[in-house]
Amino acid sequence: MNFIKAEEFTDSTLVELISDDKYNEELAKRADKVRKAIYGSDVYVRGLIEFSNYCKNDCYYCGIRRSNKNIERYRLDFDELIMCAKIGYKLGYRTFVLQGGEDMAYKDDDICRIVEEIKKIHSDCAITLSLGERSKNSYRAFYNAGADRYLLREETSNRQHYYKIHPSEMSFENRRQCLFDLKEIGFQVGGGFMVGSPYQEDEDLVKDLRFLQELEPDMVGIGPYISQHDTPFKDMENGSYKKTLRLVSILRLMFPYCLIPATTALGTINPFGREEGLRAGANVLMPNLSPTSYRELYSLYDNKICTGDEAAECRSCLELRVKKAGYNIVTARGDVSKTKRFY
Ligand code: SAM
Ligand code: FES
């Protein structure tokens, strides 16, 4: 295939690029060139605080779904969360990502109080929330309390596929609407999806890319689907490592200014996944900042990295790895560049 500009990718071009291993090198080379032109060799780090593994949802693929009776549940209280942020600040983090299951024990006021307190102590930091679907009013309250960004993967842009991987009580339309609400309120917004989730076709991934073009996100997070032994999908095949890397590159080419993480799932499916993710066009890493005693309990999928004894060393371990791969960790909020964006 003659490589054309990303703006001109047709659906069939995208299916070909997504599906064929022969495009790996070329895509990564082009994507790395684009990210270098915009972000240089800089890699932004976000301190990830997985604050609760309670969830009211029952996504068939997810290890912390409410029907999983085999995991011990935990939630961090206000003081523990503030302590995590303080430790993270000392380690050099200037963005904190508060992620958890849809745990309604945290009322809007609780979330606002946490956001306000972190902002009061660390005014030069950005706060990213990733708490799932809430009402527009709740999102507005979080934004007014000082939250800057929100991550909510659309998971899939094919309605039929959505209901193959989620129970019918969940809403395909609402999840998408939440993303547009968040954007309208003023959040920097991140969408995304799993690569190789059960029943996914390459055409579904194209639908995701088209949805993201409509959304114009500031961040896109993707990672391979990885099975979890206590879910209905426990025997389903994992997503493809190489395909995930190709999609990282395609995202960089289609959304040059987006912040794209090399995710933990990518690092779980391959020991060099995060470094290769950077080479393929990613420019964000999200090391785990949660207290080590809880990390194993946030078991979305099996064999998740950075949950064992070595977990406290995540920051220094990653810094070394990133340097070795030829990139450079920067300590900055790392907001998306709003000035020159094209899709
Ligand atoms: N509750 C929030 C939400 O719904 O956005 C945030 C937490 S949720 C666990 C974060 C992401 O983990 C999901 O958007 C999903 O894509 C990913 N995830 C869940 N189970 C996974 C699995 N088995 N393999 C890979 N990624 C998974
Ligand atoms: Fe709620 Fe996975 S089912 S976070």
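Which residues are linked in a network of salt bridges? I open with that question, and the answer is a group of five: Lys119, Asp148, Arg149, Arg333 and Asp335. Before I go further, please keep in mind that the structure above is a predicted model.

Let me continue with the salt bridges. The count for this model comes to 28, and I have chosen three pairs to discuss individually.

The first is the pair of Glu169 and Arg66, whose side chains meet in a salt bridge with an N to O distance of 2.8 Å. Glu169 sits in the loop between α6 (159-165) and α7 (172-185), while Arg66 sits in the loop between β2 (47-52) and α3 (78-91), so this salt bridge ties together parts that are 103 residues apart in sequence. As for their surroundings, Glu169 is partly exposed, at a relative accessible area of 47%. Arg66 is partly exposed as well, with a value of 35%.

The second pair is Arg279 with Glu276, and here the N to O distance of the salt bridge is 2.6 Å. Both residues belong to helix α11, which covers residues 273-279. They are three residues apart there, which means that about one helical turn separates them. Arg279 has a relative accessible area of 35% and is therefore classed as partly exposed. Glu276, at 28% relative accessibility, is also partly exposed.

The third pair is Asp20 and Lys22, for which the closest N and O atoms are 3.7 Å apart. A salt bridge is assigned within 4 Å, so this pair is counted. Is Lys22 buried or exposed? At 57% relative accessibility, Lys22 counts as exposed. Its partner Asp20, at 26% relative accessibility, counts as partly exposed.

I now turn to ligand 1. There are 18 residues around this ligand, and those that come nearest are Tyr61, Gly100, Arg153, Glu155 and Ile226. What is the make-up of the shell around ligand 1 by class? It has ten nonpolar, five polar and three charged residues.

Three polar contacts deserve individual mention. From the backbone of Tyr61, a polar atom is 3.0 Å from a nitrogen atom of ligand 1. At Gly100, a backbone N or O atom lies 2.8 Å from a nitrogen atom of the ligand. Arg153 takes part through its side chain, with a polar atom 2.9 Å from an oxygen atom of ligand 1. How much of the area that ligand 1 exposes when taken alone does the protein bury? Taken alone, the ligand exposes 560 Å², and the protein buries 92% of that.

My next topic is the aromatic residues. Eleven aromatic pairs are counted in the model. One of them is formed by Tyr39 and Tyr44, which are edge-to-face, with 6.1 Å from centre to centre and 85° between the planes. Tyr39 and Tyr44 are both buried.

Another edge-to-face pair consists of Tyr150 and Phe187, where the centres are 5.8 Å apart and the planes make an angle of 80°. This pair links distant parts of the chain, 37 residues apart: Tyr150 is in strand β5 (residues 149-151), and Phe187 is in the loop between α7 and β6. Tyr150 and Phe187 are both buried. Which aromatic cluster includes these two residues? Together with Tyr139 and Tyr143, Tyr150 and Phe187 form one aromatic cluster.

Finally, I should like to draw attention to the backbone at two positions. Tyr199 is not a glycine, yet it has a positive phi of about 70°. Tyr199 is found in the loop between β6 (188-195) and α8 (202-215). With 45% relative accessibility, Tyr199 counts as partly exposed.

The second position is Glu216, a residue other than glycine whose phi is also positive, near 50°. Where is Glu216 found? Glu216 is in the loop between α8 and β7 (219-224). Its relative accessible area is 35%, so Glu216 is partly exposed.

To close, I return to two points on which discussion would be welcome. One is the salt bridge between Glu169 and Arg66, which ties together parts 103 residues apart in sequence. The other is ligand 1, with 92% of its area buried by the protein.

Technical notes. Residues numbered from 1 in each chain as written. Chains lettered and ligands numbered in written order. Heavy atoms only, no water. Buried < 20%, exposed > 50% of the residue type's maximum accessible area, 1.4 Å probe, protein only. Helix = DSSP H or I, 4+ residues; strand = E, 2+ residues; numbered from the N terminus. Near = heavy atom within 4 Å. Polar contact = N/O pair within 3.5 Å; in protein donor to acceptor, adjacent residues only side chain to side chain. Areas by Shrake-Rupley, 256 points an atom, 1.4 Å probe, with all protein chains shown as cover. Nonpolar A, V, L, I, M, F, W, Y, C, P; charged D, E, K, R; others polar. Phe/Tyr/Trp six-rings, centres within 6.5 Å; stacked < 30°, edge-to-face > 60°.
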